[in-house]
Amino acid sequence: MNKIVFSGIQPTGELHIGNYFGAVANWVRIQNSGEYDATYCVVDMHAMTMPYDPPTLRKNTEGLFIDLLAAGLDPAKSTVFIQSLVPEHAELQWIFSCICSFGDLTRQVTFKEKSEQLEGRQDAFVSAGLFNYPVLQAADILLYRAGFVPVGKDQEQHLELSRTIANRFNRTFGHEYFPEPAVLATETPKLLSLNDPTRKMSKSLGPKSYVALFEDEKNVRSKIRSAITDTGEPASEIGAGALNLLGLLRATGRADVAAAFETEYATGEQRRYAPLKDAVADAMVDLTAGFRARRAEIAGDKDAIRRLMYEGAEKARVVASQTIKDVRRLVGLPRR
Ligand code: TYM
């Protein structure tokens, strides 16, 4: 398999620690390992698949681009860009739509979840774009012929479909042109919601579900303090929420502190979760303070940000346009 990495993230609001520990921390690690050719993308066209407000989308897209730089992406080492600035994504999406089966798309869980989320909402409108969402995702990945995709657990089914599409393309057009991309997961591929540990941490569950990456100390402490630890597990087991907090400690590099709590919980009569919450809150405050400082530094220079956005897209287009050229030839479209 090649050493090409691609991943993307939607500009739907604040970046949270689920995104960070499930994916973005891995992006930075992969970038800094120097072993991969990595491309990371703010997928603004994916964010159009649910009802949205245009000025907010534009603001969130630029904001997330800055967030990613503050979180450690370095345009000198990785390609970092905005999806809609590279029109080849939409073009490949159409070509893939014609080799992706309707049946495969109807089995996508995220389509069911997202269309259900819309039910009863005043702005409810289930678009064909929402149905086609995973085809655009496959186009994102395969445009760069990536073999590895660092994402959280919730993206596994989309990745499986990307492999199906790559495979069908290769069989249909008689060339081993696309690799079948594999997931690269972190040790926390599914962080649970702080206020409902039966579900994954997500913005759609409200701000109490997550800690944002640039959140201030007061909010961080209050959210962790009110995190739910038990969800009715038998007394002999550590609660799902508490396990989630232990995972967060490990993710921040405090595995020794997590291990000490685990030993105490395994032997103790009673589990005291308040000290665990204090330790997690301290770790989160350190993390978010560092990110806030870095973001403030970067965000001031608007011209530099704009320049990086357009340079990133140009760099991505060099690869993307070559893929489109090859694909157009293979599928029988005229040379441009
Ligand atoms: P998105 O924008 O919802 O999430 C971005 C990344 O964060 C991960 N993530 C989590 N990981 C662990 N625990 C959580 N609670 C949690 N919540 C989110 C996601 O798994 C993801 O890796 N469809 C994608 C965006 C996308 C994409 C792509 C990804 C579009 N094209 C091509 C990879 C490759 C999405 O909506 O991610």
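**Figure 1. Polar contacts hold the spotlight in this first view of the ligand.** In this predicted model, an oxygen atom of the ligand sits 3.2 Å from an N or O atom in the side chain of Asn19. Gly152 takes part through its backbone: one of its polar backbone atoms is 2.8 Å from an oxygen atom of the ligand. Gln155 brings in its side chain, with a polar atom 3.0 Å from a nitrogen atom of the ligand. On its own, the ligand has 720 Å² of accessible area, and the protein covers 95% of that area. Which elements give two or more residues to the shell around the ligand? They are strand S1 (4–9), helix H1 (17–33) and helix H6 (128–143).

**Figure 2. Here is the shell of residues around the ligand.** You can look for 26 residues around the ligand in this view. Those that come nearest are Tyr133, Gln137, Asp140, Gly152 and Asp154. How many residues of each class does the shell have? Sorted by class, the shell has 12 polar residues, 11 nonpolar residues and 3 charged residues.

**Figure 3. Gln137 is a residue of helix H6.** Gln137 is among the residues that come nearest to the ligand, so this side chain deserves a view of its own. Is Gln137 buried or exposed? Its relative accessibility is 10%, and because buried means under 20%, Gln137 counts as buried. Look next for the side chain of Gln155: a polar contact of 3.2 Å joins it to the side chain of Gln137. Gln155 also has a polar side-chain atom 3.0 Å from a nitrogen atom of the ligand. Setting aside residues up to four places away in sequence, Gln137 touches His46, Gln155, His158 and Leu159.

**Figure 4. Pro150 belongs to strand S4, which runs over residues 148–150.** How accessible is Pro150, and does that make it buried or exposed? Pro150 has 0% relative accessibility and therefore counts as buried. What is Pro150 in contact with, once neighbours within four places in sequence are left aside? The list is Val5, Phe6, Ser7, Ala23, Asn26, Trp27, Ile30, Tyr40 and Leu184. For a sense of distance, find Ala166, which is 16 residues from Pro150 along the chain. The C-alpha atoms of these two residues are separated by 18 Å.

**Figure 5. Arg145 lies in the loop between H6 and S4.** What catches the eye here is the backbone: Arg145 has a positive phi of about 50 degrees, although this residue is not a glycine. The relative accessible area of Arg145 is 29%, so this residue is partly exposed.

**Figure 6. Leu330 lies in helix H12, which covers residues 302–331.** Leu330 has 16% relative accessibility and so counts as buried. Which residues is Leu330 in contact with, leaving aside neighbours within four places in sequence? They are Phe169, Phe173, His175 and Tyr177. Phe81 offers another landmark: it is 249 residues from Leu330 in sequence, and the two are 27 Å apart in space, C-alpha to C-alpha.

**Figure 7. Pro207 and Asn219 share this view.** Start with Pro207, found in the loop between strand S5 (182–184) and helix H8 (217–225). At 53% relative accessibility, Pro207 counts as exposed, because the cut-off for that class is over 50%. Ala227 is 20 residues from Pro207 along the chain, and 12 Å separates their C-alpha atoms. Now move to Asn219, which has its place in helix H8. Asn219 counts as partly exposed, with 33% relative accessibility. From Asn219 to Val135 the C-alpha distance is 38 Å, with their positions 84 residues apart in sequence.

**Figure 8. To finish, step back to the whole protein.** The secondary structure comes to 12 helices and 5 strands. Its radius of gyration is 21 Å, close to the 20 Å that the globule rule gives for 336 residues, so the protein is as compact as a globular protein of that length. The C-alpha trace spans about 70 × 45 × 45 Å along its principal axes. What share of the 336 residues is buried? Buried residues make up 50% of them. The accessible surface of the protein is about 16100 Å², and carbon and sulfur atoms account for 52% of that surface. Among contacts between residues at least 6 apart in sequence, 77% join residues at least 24 apart.

Key:
Residues are numbered from 1 along each chain as its sequence is written. This is a predicted model: local features need pLDDT of at least 70, side-chain atom pairs count only at pLDDT 80 or more; totals for chains, interfaces and linings use all residues. Side-chain values use heavy atoms; hydrogens and water are left out. A residue is near a molecule or strand if one of its heavy atoms lies within 4 Å of it. A polar contact is a pair of N or O atoms within 3.5 Å; within protein, one must be able to donate a hydrogen and the other to accept it, and residues adjacent in sequence count only if both atoms are side-chain atoms. Accessible areas come from the Shrake-Rupley method with a 1.4 Å probe; for residues, only the protein chains shown count as cover. Helices (H or I, at least four residues) and strands (E, at least two) are DSSP runs, numbered from the N terminus. Ala, Val, Leu, Ile, Met, Phe, Trp, Tyr, Cys and Pro count as nonpolar, Asp, Glu, Lys and Arg as charged, and the others, Gly among them, as polar. The radius of gyration is taken over C-alpha atoms; the globule rule is 2.2 Å times the number of residues to the power 0.38. Buried means under 20% relative accessible area, exposed over 50%, partly exposed in between (1.4 Å probe, protein chains only). Contact means heavy atoms within 4.5 Å.
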